[in-house]
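This briefing concerns the model shown below. It treats helix packing, the nonpolar core, the chain as a whole and a few individual residues.

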Amino acid sequence: MLSLRTLARWPPLLLTAASVRGEGDILWSSTGGGWRAMFADIGFANAFRRAGLFPNATYEEGEGSRFASIATVSGGSWFSTQLFYSEAFYNRTIHSESAEEIEGFVRDWMASYYAISTDVDDDARAACDISDITSSPYYDPSRDFASVWYDVCLVLVTHNWDWAYFIQEMLKEAASDYGDATFANTTARPELRINPLKSTDLIIQSGLAPNSRVRTTGNAVYLGYESSNGSEELFTVPLSAAWIVEDSGAYWQFGTDDKTDQLDTYTAPTPDDHSWDDWEDFYLLSSEVNEEGGVVIDNEQSSIGATRRATFRVPFGGTNAATVVQVASTSSAAGGNGSPRAPSFYTQVFSIGRYGISTKTTKTVWRVLAGIAAGLGTGLVVAFIIRYMNSKCGKWKCRRQGLETHAQSLAVSAGIDGEPAETKGGEEPVTVENENTNDPPVATRGEEEEEEEAADEHADELAKSTDNHNVDADDLGISRDQCCADGTAKKWAIGLGCIFGIFFGLLTAFVYGIGSILVPNVYDGTIDTVYKNSSFDNFAVCSQWPDSCGEEDGFLVDGWFVDNPALVANVAHYQKQNRDATTSASGPLKVIVTNCNEVWNTTYNRAQILNYFSSYFNEGVSPGGFLWAPGYWAPYRSPQIFRDYLDEESLDALLEPIPESNITTALLRGTTVDNPSFGVTLGLSVEMLLINLNEEITTFVIGEEAIENYTEPLAEMTSHIATNEVLIQRVRDFVG
């Protein structure tokens, strides 16, 4: 059971016992995560059937799921399109009774995927080489986009460099093998939903890039609208593009309701070469980006100077026309922000690396001066060390001179016997003349080391005697400076130190200075190379695929760039269906959010939940406003829909582990605020059961070797979710 004592620490999120019981409307939202997400959702769906949310295999005609709607992103959309439009997939997902059955289904599906895959060879790796970026000391694999770009590239090398074509072939092969040969040609419209899901709406979350390039005309195509005051406004961030299947039909819903009910396209010439300056109007990453950024820019006041071209053509033929492959591929185009066909989006993403370089380097002139200063400073330290070491060689020698030469006078003044002590073995005392005399002493035939040792012991005894009789050390007579009066060592030390300092300073200045030029230049060169290479264009999906895109069209990208769990589109759709609802039929609206994450402890994973609430990073940003959240690769429209405050510490405190599992859960509660960009309205009470997967399996299972390595972990993960009794009970407790 979930601990309500933990929840009591955070009053805005407190759930009462009454609020987690009863038959209310239930929604399911799922994040992406590639193959990990697809199979995790298979496991969750099976567990939800055991919890009573899907009908059993013996269901009667008209009996359906308890979910009012299911919304998915990316790999979750591979799952949901198959669930809604393939009865064979539904049965093997929902009605597998044992761990062996569901693991067998995962193995079968992955075997089909293996059949269309090839091993990743050296040619593919060379074609996708981005080592100039990843080898940079400023590259951060946990933040920067390049690693994902590389993985997607390896997939597309063997599939015509076309993400949608790859998804088509993968789903076609898998569906044919589990008994649904026509699935890939199915249109995602309401009447074709399988019987158990006839009353459940489907929401597939994608993103729409704010602009695109048409290589054949040399123009960029900007999405915008004419405002009420007559100005032409161009969008700067990816827009929500949700394919919604409900009883009345299937259609696209864009996150522009607060701005316009009609998207237009505007065109302007754009260079073939990439330049940061060309896209500066689109709020590239900086320390002030959230203060300065806006979701639109005025065309006339920008440097773009675009001309209105046409009304934006609705993707894939519009209402009731998109196929399961089209919506599944757009929702999962994770490499879309690496497509040169989406230029400002592409530039925003790679500005992260550029910003990382600029924050760790300053202008060349300052780096040179800093290097010289650092070098000279080091030189002074070296000079001091050399000087000290040189003078140290005469330390005991000078000390003995002072002690031996003035022993008698010190003894008289101190009242002690100043006779020199005998050396070891009864040898004659070793006398050392003052260095100022003309006849420096030469050692007797005895061993030099014994002489030195005996002399040092004698000096120590005299020093102790003077200490015991309160004789000031200064009274010993000859100072170190007097001892080394010729100054030669001192001059050499300072000279060598300064020479070394100048050399070190110039070397440091060169390295720092050349680094401030070469590092950005190498990075910029790689970005430009990819930008000019049309092979990478279809990392994003043309809105008319498989046809080509022109100046009335755009490019679609992975839905996680706008809302990974697709929660906002799900809640907005519910409110649209229930216009006056502030609660569901019997209490707050309940939403299960399955976060098919690899690990929890990242800034991004927390931020994708926190940005639904008021939190530390969206302070001052209105719902639907410009936001570049921590851990995100690009800016987007703020998906805040709850007025309640939540931060990382309080979110972590709500997490409840499941014994003998990586899975954690949390109960969250919020009351909606107006977010007109998505169509969310004020006052709806919502309760969420957040389920974090926390499974360390890569998002990108690509190539024969990876498929072989990850098939069993994926199978075991899926059955673990499906048969986890603690998880199933928590779901039962939540939905009532």
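Helix 2 and helix 23 (residues 704-722) pack with their axes 7 Å apart, at an angle of about 25°. Angles under 35 degrees count as roughly parallel, and helix 2 and helix 23 are therefore roughly parallel to each other. Helix 2 contributes W35, R36, F39, A40, I42, G43, F44, N46, A47 and R50 to the contact, and helix 23 contributes L714, M717, T718, I721 and A722. The model is predicted.

**Helix packing**

- The crossing of helix 2 and helix 23 is right-handed.
- A second pair consists of helix 5 (residues 99-115) and helix 9 (residues 163-178), whose axes come within 8 Å and cross at roughly 130°.
- That angle makes helix 5 oblique to helix 9.
- On the side of helix 5, the contact involves F105, W109, S112, Y113 and A115, while helix 9 supplies F166, M170, L171, E173, A174, D177 and Y178.
- The handedness of the crossing between helix 5 and helix 9 is right-handed.

**Nonpolar core**

- The largest nonpolar core holds 189 residues, of which W35, F54 and W109 touch the most other members.
- Helix 2 (residues 34-50) gives the most to this core, namely ten residues.
- Apart from neighbours within four places in sequence, W35 is in contact with W78, W109, M110, Y113, F166, M170, T699, F700, V701, I702 and L714.
- Among these partners of W35 are W109 and Y113, which also take part in the helix 5 contact with helix 9.
- F166 and M170, likewise partners of W35, belong to the helix 9 side of that contact.
- L714, a further partner of W35, is one of the helix 23 residues that meet helix 2.
- As a general tendency, nonpolar side chains in soluble globular proteins are buried together.

**The chain as a whole**

- The chain contains 24 helices and 19 strands.
- Of its 736 residues, 56% count as buried.
- Contacts between residues at least 6 apart in sequence join residues at least 24 apart in 80% of cases.
- The exposed area of the chain is about 30,700 Å², and carbon and sulfur atoms supply 50% of this area.

**V568**

- V568 is found in helix 20 (residues 567-577).
- With a relative accessible area of 0%, V568 is buried.
- Not counting residues up to four places away in sequence, V568 touches D563, Y612, P639, I641, F678 and V680.
- V568 and Q640 are 72 residues apart along the chain, and their C-alpha atoms are separated by 8.2 Å.

**T671**

- T671 is found in strand 18 (residues 664-671).
- The relative accessible area of T671 is 16%; because buried means under 20%, T671 is buried.
- Leaving aside neighbours within four places in sequence, T671 is in contact with I641, F642, R643, D644, G683 and L684.
- I641 is thus a partner of T671 and also one of the residues that V568 touches.

**G525**

- G525 lies in helix 18 (residues 488-532).
- At 31% relative accessibility, G525 counts as partly exposed.
- G525 and H274 are separated by 251 residues in sequence, yet their C-alpha atoms are 9.0 Å apart in space.

Note on methods. Residues numbered from 1 in each chain as written. Predicted model: local features only at pLDDT ≥ 70, side-chain atom pairs only at ≥ 80, totals over all residues. Heavy atoms only, no water. Core = buried A, V, L, I, M, F, W, Y, C linked by side-chain atoms within 4.5 Å. Buried < 20%, exposed > 50% of the residue type's maximum accessible area, 1.4 Å probe, protein only. Helix = DSSP H or I, 4+ residues; strand = E, 2+ residues; numbered from the N terminus. Contact = heavy atoms within 4.5 Å. Areas by Shrake-Rupley, 256 points an atom, 1.4 Å probe, with all protein chains shown as cover. Axes fitted to C-alpha atoms, helices over the stretch in contact; angles between N-to-C directions. Parallel < 35°, antiparallel > 145°, perpendicular 65-115°, else oblique. Left-handed = near helix turned anticlockwise from the far one by under 90°.
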